[in-house]
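This report describes the strand arrangement, the principal pocket and the aromatic contacts of one protein model. Please consult the sequence and structure shown below while reading.

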Amino acid sequence: MRHSLLRATLVLAVLALAFPAWAQDETEHINRVVKLEPGGTLQLKSFSGHVTITGSDRSDIAIDAVRHAPRERLNRVTLDIRTQGSTVVIEANHHDWSWTGRDNVVSTDFDIKVPKRTNLDVNVFSSPVEVRGVEGSQRIHTFSARIRLDDVSGPINAHSFSGPVEIHAVAWQDHQVIDIDTFSGSIDLRIPDTARGSVSFNSFSGRLTSDVPLTLRTSGRRSVDATLGGGDSTSGSLHLKTFSGNVHINR
């Protein structure tokens, strides 16, 4: 009986130590609508949580954010949304820098609707980023999560350290530029039939494969310089760089 009671006490003690790590977490749901004319910029900074951005026919930005953290942290680390000229700035972890503690991160899931013609400047750490149907310049930087851009058009700058990058570009503009840089993530790039221009590929151990005709100008063990689709190399450019990730180009 004593032994059973002792075991039960030990189990309860272990559970009591384990529960506070998650039992105190709360959820905070925030909805905001902010005016943004087509052609404006959305600037987003976040650390963790999913990010989904969808182009629409609206003339404003609809922000649906779900924040997860202990109540004390939710109160101290705020979601800051502000307008600076033609730019809407969203900062997921805004806090008083006089705070000396380490717990300054709130995991935030974003579902954001923007005008189709919106420029994006997204900087996150471990947040997977998905963009759909946006027409504008897109700068998407993450450290350890996936980037997926679907049915997009405009200049693209995508950077991820260890996450894969998937891009489906549906339009090819004059002097189109797509610049993708990863360390160990793979790159899967779909481009329209009208795509023309130069292709530069650089990698330490990754491979480049393409279903689109490429005319080689120079090639080596770690780099390829080619033209895309047999067209004028000045009409656009693809810059693809990895350390160990493979790259595939298709239509």
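How many aromatic pairs does a search of the whole structure find? In this predicted model, the search returns 6 aromatic pairs.

**Aromatic pairs**

One of these pairs is formed by F47 and F125, whose ring planes meet at 5 degrees with the centres 4.7 Å apart, so the pair is stacked. The contact links distant parts of the chain, 78 residues apart. F47 lies in the loop between β2 (41-45) and β3 (51-56), while F125 belongs to the loop between β8 (119-123) and β9 (129-132).

A further pair consists of F204 and F243; with ring centres 4.9 Å apart and planes at 5 degrees, this pair is therefore stacked. It also joins distant parts of the chain, 39 residues apart. Here F204 sits in the loop between β16 (197-203) and β17, and F243 in the loop between β20 (236-242) and β21 (247-250).

The relative accessibility of these four residues is listed below.

| Residue | Relative accessibility | Class |
|---|---|---|
| F47 | 33% | partly exposed |
| F125 | 35% | partly exposed |
| F204 | 40% | partly exposed |
| F243 | 35% | partly exposed |

Why do they fall into this class? F47, at 33%, counts as partly exposed because values from 20% to 50% lie between the limits for buried and exposed. Ring pairs also connect F47, F125, F204 and F243 with F143, F161 and F183 in a cluster.

**The largest pocket**

F47 appears again at the largest pocket, where it is among the residues closest to the centre, together with K45, S46, N93 and V105. The volume of this pocket is about 200 Å³, and 12 residues line it. By class, the lining comprises 5 nonpolar, 5 polar and 2 charged residues.

**The sheet**

The model contains an open sheet of 10 strands with mixed pairing, in the order β1-β4-β7-β3-β9-β11-β13-β15-β21-β17. Which strands stand at the edges? They are β1 (25-35) and β17 (208-210); each has a single partner strand, so one side of each is left without a neighbour in the sheet. On average, neighbouring strands of this sheet are turned by 10 degrees against each other, direction ignored.

Within the sheet, β4 (residues 60-70) and β7 (residues 107-115) run antiparallel and are joined by 7 bridges. I63 has I112, in β7, as its bridge partner.

How values were computed: Residues numbered from 1 in each chain as written. Predicted model: local features only at pLDDT ≥ 70, side-chain atom pairs only at ≥ 80, totals over all residues. Heavy atoms only, no water. Pairing = 2+ DSSP bridges. Helix = DSSP H or I, 4+ residues; strand = E, 2+ residues; numbered from the N terminus. Axes fitted to C-alpha atoms, helices over the stretch in contact; angles between N-to-C directions. 1 Å grid on protein atoms, 1.4 Å probe; cavity = no way out; pocket = protein on both sides within 12 Å on 5 of 7 lines; lining within 4 Å. Points joined across faces, edges and corners; volume = space filled by probe spheres on them. Nonpolar A, V, L, I, M, F, W, Y, C, P; charged D, E, K, R; others polar. Phe/Tyr/Trp six-rings, centres within 6.5 Å; stacked < 30°, edge-to-face > 60°. Buried < 20%, exposed > 50% of the residue type's maximum accessible area, 1.4 Å probe, protein only.
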